[in-house]
Amino acid sequence: MAASTSSNRFREGLKTRSVASSSDEIQLRIDPMQGELDDHISGLRGQVKQLRNVAQEIQTEAKFQNDAIGQLQMLLIKAQAGVKNNVRKLNKSIIQSGSSHVVHVVLFALVLFFVVYMISKFSRR
């Protein structure tokens, strides 16, 4: 600032000016923009509080959804284990019944062969 000016700025919006008289009086003038800035700052504070509340609600919802996803994952793991066990049991059952099925088919073929042999033997006579 120039040395010739007698105004000093201590805080935004407040200016002090020495009076031309020789007394120690100081004039204090409040800048009208300061009131608007205070209103604007108050509005911004309100918006920050709203944003903080929204952020807290988002955090709460995210925790809830993460817990739900964790429960679904555990349910899916249990279901996969159950399906795997049931497939294993089904394979054992198929193998056991499949081998007995083959035995039945072989016995049926032998009986059928024997019947055809007997019919052919009696039909020649």
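**Surface patches and annotated segments along helix α1**

Tyr117 is partly exposed, its relative accessible area being 42%, and this residue lies in helix α1. In the predicted model described here, Tyr117 also contributes to a nonpolar surface patch of about 630 Å², which is made together with Val111, Phe113, Phe114, Val115 and Ile119. Membership of such a patch requires over 30% relative accessible area, a condition that the 42% computed for Tyr117 satisfies.

The UniProt record, an unreviewed entry, places a "transmembrane region" at residues 101-119. In the model, the chain over residues 101-119 is 100% helix and 0% strand, with the C-alpha atoms at its ends 27 Å apart. A further annotation from UniProt, likewise from an unreviewed entry, assigns a "coiled-coil region" to residues 41-68. The chain over residues 41-68 is again 100% helix and 0% strand, and here the end C-alpha atoms are separated by 40 Å.

A patch of another character, positive in charge, is formed on the surface by Lys84, Arg88, Lys89 and Lys92. Of these residues, Lys84 is located in helix α1, which comprises residues 32-124. Lys84 counts as exposed because its relative accessibility is 56%, and the cut-off for that class is over 50%; Tyr117, at 42%, is by contrast partly exposed.

With regard to the chain as a whole, the protein contains one helix and three strands, and these elements follow one another along the sequence in the pattern β-β-β-α. Buried residues account for 2% of the 125 residues in the protein chain, where burial is taken as under 20% relative accessible area. The surface exposed by the protein chain amounts to about 11700 Å², of which 62% is supplied by carbon and sulfur atoms.

Key. Residues numbered from 1 in each chain as written. Predicted model: local features only at pLDDT ≥ 70, side-chain atom pairs only at ≥ 80, totals over all residues. Heavy atoms only, no water. UniProt positions renumbered as here; feature names shortened; annotations may be inferred. Helix = DSSP H or I, 4+ residues; strand = E, 2+ residues; numbered from the N terminus. Patch = residues over 30% accessible without salt bridge, like charges linked within 9 Å, V, L, I, M, F, W, Y side chains within 5 Å. Areas by Shrake-Rupley, 256 points an atom, 1.4 Å probe, with all protein chains shown as cover. Salt bridge = Lys/Arg side-chain N within 4 Å of Asp/Glu carboxyl O. Lys, Arg positive; Asp, Glu negative; His and termini not counted. Charge placed at Lys NZ, Arg CZ, Asp CG, Glu CD. Buried < 20%, exposed > 50% of the residue type's maximum accessible area, 1.4 Å probe, protein only.
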